[in-house]
Amino acid sequence: MPQAPVVWRLATVRQLIDETPRARTLVLDVPDWPGHTAGQHVDVRLTADDGYQTERSFSIASAPERATVALTVERIDGGEVSPYLTEELRVGDTLELRGPFTSYFVWRTEDGGPLLLVAGGSGLVPLMAMLRHRAANSSTVEARLLLSARSLDDSLYRDELAELTADGLVTHVTFTREPPPDWRGFARRIDAEMLRTVWPSPHQRPRIYVCGPTAFVERAAELLVQLGHPPGAIRTERFGPSG
Amino acid sequence: MAPISRGFRGRRSNADPTRLPPGQYLTRDFPVLSAGPTPHTPLDEWSFLISGAVDGPVSWTWQELLELPAETPMADIHCVTKWSKFDTTWKGVSVDTLLAAVGTDAKYVSAWCDGGYTTNLPLDDMTGGRAWIAYEFGGKPLAPEHGGPARLLVPHLYFWKSAKWVRGLELLDHDQPGFWERYGYHNYGDPWKEQRYQGD
């Protein structure tokens, strides 16, 4: 179907939130933002003073119900864009943004559940948009989140997730490298037993969203298939180092 | 002129600008874009089928595909998620070679894959030495997460058109948008025109 191009918009940084030592949330005012669905991404374009430009894609972290658009960016050492966004960018700065894009890795409350969200590291970002959307609508769709993080310093939105964990949302965290002292939860790479504990079983026919680095997503999706979840029920989003 | 991003200097690659499409950056990694789990079809159950608007469907077993004349294209590839990779080396069978086995007046192709993925291309983009069924990458069997045992290779379009885990080409007299083409990516996907999303 013919469609007008999605235009570049000039977003203004309203607020910066340090989520972890490596990740920062950019809260943006975007004029004429058309709205988005939880799970979608935007493209960001930066322009140097000599006209050099580069683009990257980032998942939207905020709920569609918010007036602002939030992106959470993890710094990749030696990267071109993420160090700028996490270290140089100030409140009041502008950046060009285009979106929202693609409608496969998305969830709306009316899609129903149960929902199984499996996140590796900053793969939590688009899944958080889904959980925020769920909370903003006071949805009671059963939801389970399994977050695999290297350490406490690598786990995003900790306080907010603790607050959201009610009304049918249960959050599990596994620390793969450095569990906090006195940690009693999972402390290993994701495996079948962990997924069985997290629930829902294939019998419950959950909608499954997996996001994280390629190796993590490969492993999680393979385990889910082995547990008997139909491959078509498992939506994945993989990311590699993208600077 | 786009607005300047205060304090952004950028890290210009020394990539040949005539080889890097707009909005792309050069990587040495090989990232992956897939919508679902990686399928694993045993090779003895694998076959490749050309069907649809053809005189008669033709299929090849894995062994038969390997026995066809192979080519070793080297190509720059461009992913819609912004990375480009130069001088990738492949081994596979030219789609021209496969199409020589069928008669057709079709204008379009729907490539279909294990896992249910499809992508659509004009037939003209699949012929003339511009498309392959590739089964080796960098001198090794193509890894499952990169589309093994075999993927379509159409390097002049964004790389989602180079469908992983490809199992067949359905020839069509009309265009039929594929998976990503229905979920928001551009119908044709020319990286040099930056045709990333619907409307571009």
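The exercises below concern a predicted model with chains A and B.

**Exercise 1. Describe the interface between chain A and chain B by its contacts and its buried area.**

Solution. Start with the residues that touch. On the side of chain A, 46 residues are in contact with 37 residues of chain B.

Next, take the area. The size of an interface is often given as the accessible area lost when the parts come together. Here the area buried between chain A and chain B is about 3500 Å². Carbon and sulfur atoms give 52% of this area.

Then ask which residues of chain A lose the most area to chain B. They are Glu55(A), Tyr104(A) and Arg238(A), which together make up 16% of what that side buries.

**Exercise 2. List the polar links across the interface, and state which elements and residue classes of chain A take part in the contact with chain B.**

Solution. Count the charged pairs: there are six salt bridges between chain A and chain B. In one such bridge, the side chain of Asp93(A) meets that of Arg6(B), with an N to O distance of 2.6 Å. Between these chains, 21 residue pairs are in polar contact, both residues being at pLDDT 80 or more.

Now assign the side of chain A that touches chain B to secondary structure. Two or more residues each come from the strands β3 (41–47), β4 (53–59), β6 (94–101) and β11 (234–239), and from the helices α1 (82–88) and α5 (214–226) of chain A.

Last, sort the residues of this side by class. The division is 15 nonpolar, 15 polar and 16 charged.

**Exercise 3. Characterise the second largest pocket by volume, lining and composition.**

Solution. The volume comes to about 740 Å³. The lining of this pocket has 31 residues, and those closest to its centre are Glu80(A), Arg11(B), Ser13(B), Tyr25(B) and Leu26(B).

By element, β4 of chain A and β1 (25–26) of chain B each give two or more residues to the lining. The largest share, four residues, is that of β4(A). By class, the lining has ten nonpolar, eleven polar and ten charged residues.

**Exercise 4. Find the cavities of 30 Å³ or more, and say what lines the largest cavity.**

Solution. A search of the whole structure gives one cavity of 30 Å³ or more. The volume of the largest cavity is about 40 Å³. Its lining consists of Thr20(A), Arg22(A), Ala23(A), Glu74(A), Ser122(A), Asp153(A), Asp154(A) and Leu156(A). Sorted by class, this lining has two nonpolar, two polar and four charged residues.

**Exercise 5. Give the number of salt bridges over all chains, and explain what the pair Glu160(A) and Arg132(A) ties together.**

Solution. The total over all chains is 27 salt bridges. In the pair chosen here, the closest N and O atoms of Glu160(A) and Arg132(A) are 2.6 Å apart. Locate both partners: Glu160(A) is in helix α3 (residues 158–164) of chain A, and Arg132(A) is in helix α2 (residues 124–136) of chain A, so the salt bridge ties together parts that are 28 residues apart in sequence.

**Exercise 6. Identify the cis peptide bonds at Pro100(A) and Pro114(A) and the positive phi at Asp182(A), and place each residue.**

Solution. Begin with the reference case: most residues other than glycine have a negative phi, and most peptide bonds are trans.

The bond from Gly99(A) to Pro100(A) is cis, with omega near 0°. Pro100(A) belongs to strand β6 of chain A. The bond from Gly113(A) to Pro114(A) is cis, with omega near 0°. Pro114(A) sits in the loop between β6 and β7 (115–120) of chain A.

Turn to phi. Asp182(A) is not a glycine, yet has a positive phi of about 70°. Asp182(A) is in the loop between β9 (169–178) and α4 (192–198) of chain A.

How values were computed
Residues are numbered from 1 along each chain as its sequence is written. Chains are lettered from A and ligands numbered from 1 in the order in which they are written. Side-chain values use heavy atoms; hydrogens and water are left out. Contact means heavy atoms within 4.5 Å. Buried area is the accessible area (1.4 Å probe) that two parts lose on being put together, summed over both. A salt bridge is a side-chain nitrogen of Lys or Arg within 4 Å of a carboxyl oxygen of Asp or Glu. A polar contact is a pair of N or O atoms within 3.5 Å; within protein, one must be able to donate a hydrogen and the other to accept it, and residues adjacent in sequence count only if both atoms are side-chain atoms. Ala, Val, Leu, Ile, Met, Phe, Trp, Tyr, Cys and Pro count as nonpolar, Asp, Glu, Lys and Arg as charged, and the others, Gly among them, as polar. On a 1 Å grid over the protein atoms alone, a cavity is a set of points where a 1.4 Å probe fits but cannot get out, and a pocket is an open set with protein on both sides within 12 Å along at least five of seven lines; lining residues have an atom within 4 Å of a point. Grid points are joined across faces, edges and corners, and a volume is the space filled by probe spheres set on the points.
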